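Thanks for making the time this morning. I would like to walk you through one model, beginning with a single pair of residues and working outwards from there.

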Amino acid sequence: MRIIARFSSAPRVPWANGRGETTELVTFESSRELSGGDPPDWRLSIARLTRPGPFSPLPGIRRWFLPVGGAVVLTVDGARTPVPERTVAAFGGDDDVALVELERPCHAVNLMVAGVDSVPPPMILGRLGDDEFDRCLAAVVLDPVGELGRFDLVGPGRLDGGAPDGAVAMLIGLRNTR
């Protein structure tokens with residue numbers, strides 16, 4: 001296993017609408033290297049959710065959103081959409097999306113894929129060291145384990161250095177979109 005990005009040292013950037021910040025683990029540009037140069041381009045970030053508000057419009061982008069640390073309620077094109085903690089919600093960047101309720105301040109894993117209307121679910125909950133982990137492109141660690149911190153991004157393979165298998169992670173499976 002290789003560490004692709006450490007959450008603790010990844011850059012924090014403002015949301016497109018300026019109403020919050022996110023920690024960018026993979027940019028659209030750097031995703032090309034991780035994907036072997038194959039499309040689609042994608043971006044992965046960890047947003048801090050502290051209060052209700054609108055999502056940034058991102059035309060031409062398909063989005064997957066996973067709250068961590070609390071449940072949230074979104075509206076997507078006016079439809080109330082409860083999203084339990086560690087459950088993936090998907091929507092388009094053209095959709096009118098707003099965070100309308102949150103249990104407590106929390107984070108959200110955000111995967112954004114450019115130029116696709118729909119793809120097979122590219123984010124699934126899994127565990128490091130499982131067969132699904134070996135087939136994924138990358139994984140976001142949800143529970144710290146060994147030398148891995150919460151929200152660190154790791155690449156597939158068996159864990160080196162004695163870190164235990166089995167940590168809960170969000171597996172990024174964009175290899176299946178080609």
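**From one residue pair to the pocket**

Let me start with alanine 138, which stands opposite isoleucine 172 in strand 15. What you are looking at is a predicted model, so please take everything that follows in that light. The pair belongs to the contact between strand 13, residues 138–141, and strand 15, residues 168–172, which pair in the antiparallel sense over four bridges. Those two strands sit within an open sheet of five strands, in the order 1-14-13-15-12, with antiparallel pairing. At its edges are strand 1, residues 3–5, and strand 12, residues 123–127, each of which pairs on one side only.

Stepping back to the whole chain, we have two helices and 15 strands. Of the 178 residues, 48% count as buried, and the chain exposes about 8200 Å², of which carbon and sulfur atoms supply 50%. If we take the contacts between residues at least 6 apart in sequence, 67% of them join residues at least 24 apart.

Now to strand 11, residues 106–114, which is mostly covered, with seven of its nine residues buried. Which strands pair with strand 11 in the antiparallel sense over eight bridges? One is strand 4, residues 42–49, and here arginine 48 has histidine 107 of strand 11 as its bridge partner. Another is strand 6, residues 61–68, likewise antiparallel and likewise over eight bridges, where arginine 63 is partnered by methionine 112 of strand 11.

Arginine 63 also takes us to the largest pocket, since it is listed with Trp15, Ala16, Asn17 and Ser56 as lying nearest the centre, out of 29 lining residues. The elements giving two or more residues to that lining are strand 2 (12–14), strand 3 (21–26), strand 4, strand 5 (53–54), strand 6 and strand 11. Strand 11 and both of the partners I described, strand 4 and strand 6, are therefore on that list, if we keep to strands as runs of at least two residues.

Which strand gives the largest share of the lining? That is strand 4, with five residues. As for the volume of this pocket, the computed value is about 450 Å³, and the lining divides into 15 nonpolar, eight polar and six charged residues.

I will stop there and take your comments.

Technical notes. Residues are numbered from 1 along each chain as its sequence is written. This is a predicted model: local features need pLDDT of at least 70, side-chain atom pairs count only at pLDDT 80 or more; totals for chains, interfaces and linings use all residues. Side-chain values use heavy atoms; hydrogens and water are left out. Buried means under 20% relative accessible area, exposed over 50%, partly exposed in between (1.4 Å probe, protein chains only). Contact means heavy atoms within 4.5 Å. Accessible areas come from the Shrake-Rupley method with a 1.4 Å probe; for residues, only the protein chains shown count as cover. Two strands pair if DSSP finds at least two bridges between them. On a 1 Å grid over the protein atoms alone, a cavity is a set of points where a 1.4 Å probe fits but cannot get out, and a pocket is an open set with protein on both sides within 12 Å along at least five of seven lines; lining residues have an atom within 4 Å of a point. Grid points are joined across faces, edges and corners, and a volume is the space filled by probe spheres set on the points. Ala, Val, Leu, Ile, Met, Phe, Trp, Tyr, Cys and Pro count as nonpolar, Asp, Glu, Lys and Arg as charged, and the others, Gly among them, as polar.
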